[in-house]
Amino acid sequence: MPPIEMGPARPIGAVDVRMTRQGGGFRARAEHAETPAAAVALSDALNPGEAPVDTDRVEVIRKAVESGSYPVVPAKIADALIAAGLLLRKGQ
């Protein structure tokens, strides 16, 4: 069986920019596409819509935090973090 020659070993380090620019890459192909918008089809089924945020409630909480009147109870925060972690583990 003949020996396998692999060539010189290169040190591990940053990517050589000259090598990435030689092939043209994805950008060069994308710039020459006839219709770039038609390349990706978007679906309304995957659109989550607007986030369900009560902006009035957010403003009230923001003002309470700024004035120092928002009740921060570390035990409640810790309990909520633990409960969220348990829910994530169960997959619910």
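**Notebook: Arg62, helix H3 and the rest of the chain**

At 44% relative accessibility, Arg62 counts as partly exposed, because the partly exposed class runs from 20% to 50%. I started with this residue, and I am keeping in mind throughout that the model is predicted.

**Entry: the partner of Arg62.** Which residue forms a salt bridge with Arg62? I found Glu59, with the closest N and O atoms 3.8 Å apart. That passes, because the cut-off for a salt bridge is 4 Å. I looked for others, but the structure holds just 1 salt bridge. Glu59 is partly exposed too, with a relative accessible area of 33%.

**Entry: where the pair sits.** Both Arg62 and Glu59 lie in helix H3, 3 residues apart, or about one turn of the helix. An α-helix has 3.6 residues a turn, so residues three or four places apart point the same way. Side chains of opposite charge can pair when their charged atoms come close.

**Entry: a check on H3.** How far apart are the end C-alpha atoms of helix H3? I get 18 Å for residues 55-67. The helix has 13 residues, so at 1.5 Å a residue it should span 18 Å, and the two values agree. Right after H3 I noted Gly68, which has a positive phi, near 85°.

**Entry: the nonpolar patch.** Next I went over the surface. Val65, Tyr70, Val72, Ile77 and Leu81 form a nonpolar patch there. Together these residues have about 490 Å² of accessible area. I picked out Ile77, which is found in helix H4, residues 74-90. Ile77 is partly exposed, with a relative accessible area of 44%; that makes it eligible for a patch, because the patch cut-off is over 30%.

**Entry: the whole chain.** I counted 4 helices and 0 strands, and along the sequence the pattern reads α-α-α-α. How much of the chain counts as buried? The figure is 1% of the 92 residues. The chain exposes about 9,600 Å², with carbon and sulfur atoms supplying 61% of that area.

**Entry: how far I trust it.** The chain averages a pLDDT of 76, and 68% of the residues score at least 70. Where in the chain is confidence lowest, and where is it highest? The low end is helix H2, residues 25-31, at a mean of 50, while H3 is at the top with 94. Where pLDDT is low, the predicted coordinates should not be read in detail. My salt bridge entry concerns H3, the helix with the highest confidence in the chain.

Definitions and conventions. Residues numbered from 1 in each chain as written. Predicted model: local features only at pLDDT ≥ 70, side-chain atom pairs only at ≥ 80, totals over all residues. Heavy atoms only, no water. Helix = DSSP H or I, 4+ residues; strand = E, 2+ residues; numbered from the N terminus. Buried < 20%, exposed > 50% of the residue type's maximum accessible area, 1.4 Å probe, protein only. Areas by Shrake-Rupley, 256 points an atom, 1.4 Å probe, with all protein chains shown as cover. Patch = residues over 30% accessible without salt bridge, like charges linked within 9 Å, V, L, I, M, F, W, Y side chains within 5 Å. Salt bridge = Lys/Arg side-chain N within 4 Å of Asp/Glu carboxyl O. Expected span 1.5 Å × (residues − 1). pLDDT = per-residue confidence, 0-100.
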